[in-house]
Amino acid sequence: MMRLPAFTYAAPRSIDEAARILAGEGPQAMLVAGGTDLYPNMKRRQQSPRVLIGLRGIRELSGITGIPTTGLSIGACTTLTDLSTHRLVVESYPALSRAVRTISTPILRNMGTIGGNICLDTRCNYYDQSYEWRRAINFCMKCDGDTCWVAPSSRTCLAVNSSDSVPLLCAIGATVRLAGTHGHREIAMRDFYNKDGIRYINKQPDEIVTHIALPPVNGWSATYHKLARRGSFDFPVLGVAVAMWRDPDGTVLDARIYLNAVASAPVEAAEARQALIGHKPTPDLIAHASHLASINAKPMDNTDLDYAWRKKMVRVYVRRALNGLS
Amino acid sequence: MSSLSKLRVRLRVNGEEHEMLVPVEKTLLEVLREDMGLTGTKHGCELGECGACAVLVDGKPVLSCLALPVELEGHEIMTVEGLAAAGRMHPLQEAFADLGAAQCGYCTPGFLLAAKSLLEQSSDPTRDEIKDALAGNLCRCTGYIKIYEAVELAARRMRSGSETAPEQAVLYGR
Ligand SMILES: Cc1cc2nc3c(=O)[nH]c(=O)nc-3n(C[C@H](O)[C@H](O)[C@H](O)COP(=O)(O)OP(=O)(O)OC[C@H]3O[C@@H](n4cnc5c(N)ncnc54)[C@H](O)[C@@H]3O)c2cc1C
Ligand code: SF4
Ligand code: FES
Ligand code: FES
């Protein structure tokens, strides 16, 4: 049996209580929602908190409120199953529902939450391994060691943001609401991530993600395309999300393209966006925009499948996503 | 390994109330198998990657290798041991046996429970719905086809209320 290390478990009933415990315990404490990311990591001793603060007993963190014309607010502890099958999400944010349905398996989605998904630990072939495996290579910079085995000259960890919801939430312009002992704040999803596999989210140690806010739909449409080895279980090795706003005559008024699983943070394809705005998406323009987007992606040799091939697939997947919306 | 804290937890498993003192870091899988003697629930990867450890919580499948008992107090847990009622196999168990949907049998408890949850939501699921619902369970033996057929047969029998042996045509595949 692969067992969890010992810890104490706190089950606060309110956000304030959770934030107080988190601030009081300091770096030895971690939050846990569904545990589907944290518990495997703890079993492999990648993360070893002495105190766990369970969030699922906090009522205010679960459920979805609002209406699509003014936007929805999703509680951080809403399970992936409840989110992807919620009537308003299926009807008005179908791309989000579909993106969330690509996460792992139906059983895991009954446990995993959206808050845990956007805070998902970054992933790397040299890190997501058992303790014994990691010890055999003398560990790496992200945990217990000091060298990055993917790029030994790199001063930052290059572990990969592997969430399926994050690129789509960035593309549709969602925001993250946080609460801490010093109050509340809201930050755009795209600003929530750092290009640093160790400090990968902009969250103060005492802050808790309370909600994810979806903007009104307002004529935007969106899509998500995932590349993974198998149709279920597997993390994305490339995720492409596109949100587009078009004039009734077909002209692109705005477009946002985000790539995930190619870096520690989701990558915006800004040049591709500029190329699309003000034009009708003809096959030639789509091919050009897909090429521009692929320049932004610099996948490293630290996930499943060959990285040169994954880089080639960026162009293919962006083209498919743009075709799907045109 | 020394435990920082043992907790008294009350779990409702297969309709029975159990109260016990367990280290908080023991997963539901460990407690079921090691403290309650319910070894029907299997341990495979122990990392969320296979579905062998699936149990039902309030009727929905979850992975017991990634669940803590302290998080499940007040919920209804069902393991494969709870499937047979009044000395009679569940129609899914009978169909799995009739059609050879269990070979080594290691994955079977997880499949049975995931399938039970599906049939409770939909009495006549399509093949695609069955595939989707069972996408979180790995089987290294059967190739899955016999499992899908067994779920379809069980659904058919449950709809018609009969649990008798199937016709040959069903038994030997389509
Ligand atoms: C086999 C397997 C396959 C998977 N496949 C995929 C996949 O294809 N795509 C994908 O995107 N993910 C995948 N995952 C990862 C994970 O299951 C999901 O991302 C899930 O949504 C995580 O949510 P959780 O509630 O279980 O997170 P937890 O494990 O509870 O937490 C994850 C992290 O987020 C932090 N956290 C949780 N909630 C909050 C909060 N409210 N505020 C602040 N911090 C918080 C925790 O401290 C922890 O660091 C997979 C996991 C496994 C085991
Ligand atoms: S990218 Fe480098 S430092 Fe980061 S987890 Fe991988 S090997 Fe370790
Ligand atoms: S043992 Fe739980 S998913 Fe494999
Ligand atoms: S019957 Fe052997 S793994 Fe499924």
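The following paragraphs describe how the two domains of chain B meet in this predicted model.

Chain B is divided into domain 1, which covers residues 3-82, and domain 2, which covers residues 91-172. Where the two parts touch, 16 residues come from domain 1 of chain B and twelve residues from domain 2 of chain B. The C-alpha centres of domain 1 of chain B and domain 2 of chain B are placed 24 Å apart.

Turning to the surface that is covered, the area buried between domain 1 of chain B and domain 2 of chain B comes to about 1100 Å², and carbon and sulfur atoms give 64% of this area. Within domain 1 of chain B, the residues that lose the most area to domain 2 of chain B are B:Lys42, B:Leu56 and B:Val80, which together make up 36% of what that side buries.

As for specific interactions, the count of salt bridges between domain 1 of chain B and domain 2 of chain B is zero, whereas four residue pairs, both members at pLDDT 80 or more, are found in polar contact across the interface of these domains.

The side of domain 1 of chain B that touches domain 2 of chain B can also be described by its secondary structure, since strand 3 (54-57) and strand 4 (60-63) of chain B each supply at least two residues of that side. Strand 3 of chain B gives the most, with three residues. By residue class, the side of domain 1 of chain B that touches domain 2 of chain B divides into eight nonpolar, five polar and three charged residues.

Technical notes. Residues are numbered from 1 along each chain as its sequence is written. Chains are lettered from A and ligands numbered from 1 in the order in which they are written. This is a predicted model: local features need pLDDT of at least 70, side-chain atom pairs count only at pLDDT 80 or more; totals for chains, interfaces and linings use all residues. Side-chain values use heavy atoms; hydrogens and water are left out. Domain bounds come from an automatic or database domain assignment. Contact means heavy atoms within 4.5 Å. Buried area is the accessible area (1.4 Å probe) that two parts lose on being put together, summed over both. A salt bridge is a side-chain nitrogen of Lys or Arg within 4 Å of a carboxyl oxygen of Asp or Glu. A polar contact is a pair of N or O atoms within 3.5 Å; within protein, one must be able to donate a hydrogen and the other to accept it, and residues adjacent in sequence count only if both atoms are side-chain atoms. Helices (H or I, at least four residues) and strands (E, at least two) are DSSP runs, numbered from the N terminus. Ala, Val, Leu, Ile, Met, Phe, Trp, Tyr, Cys and Pro count as nonpolar, Asp, Glu, Lys and Arg as charged, and the others, Gly among them, as polar.
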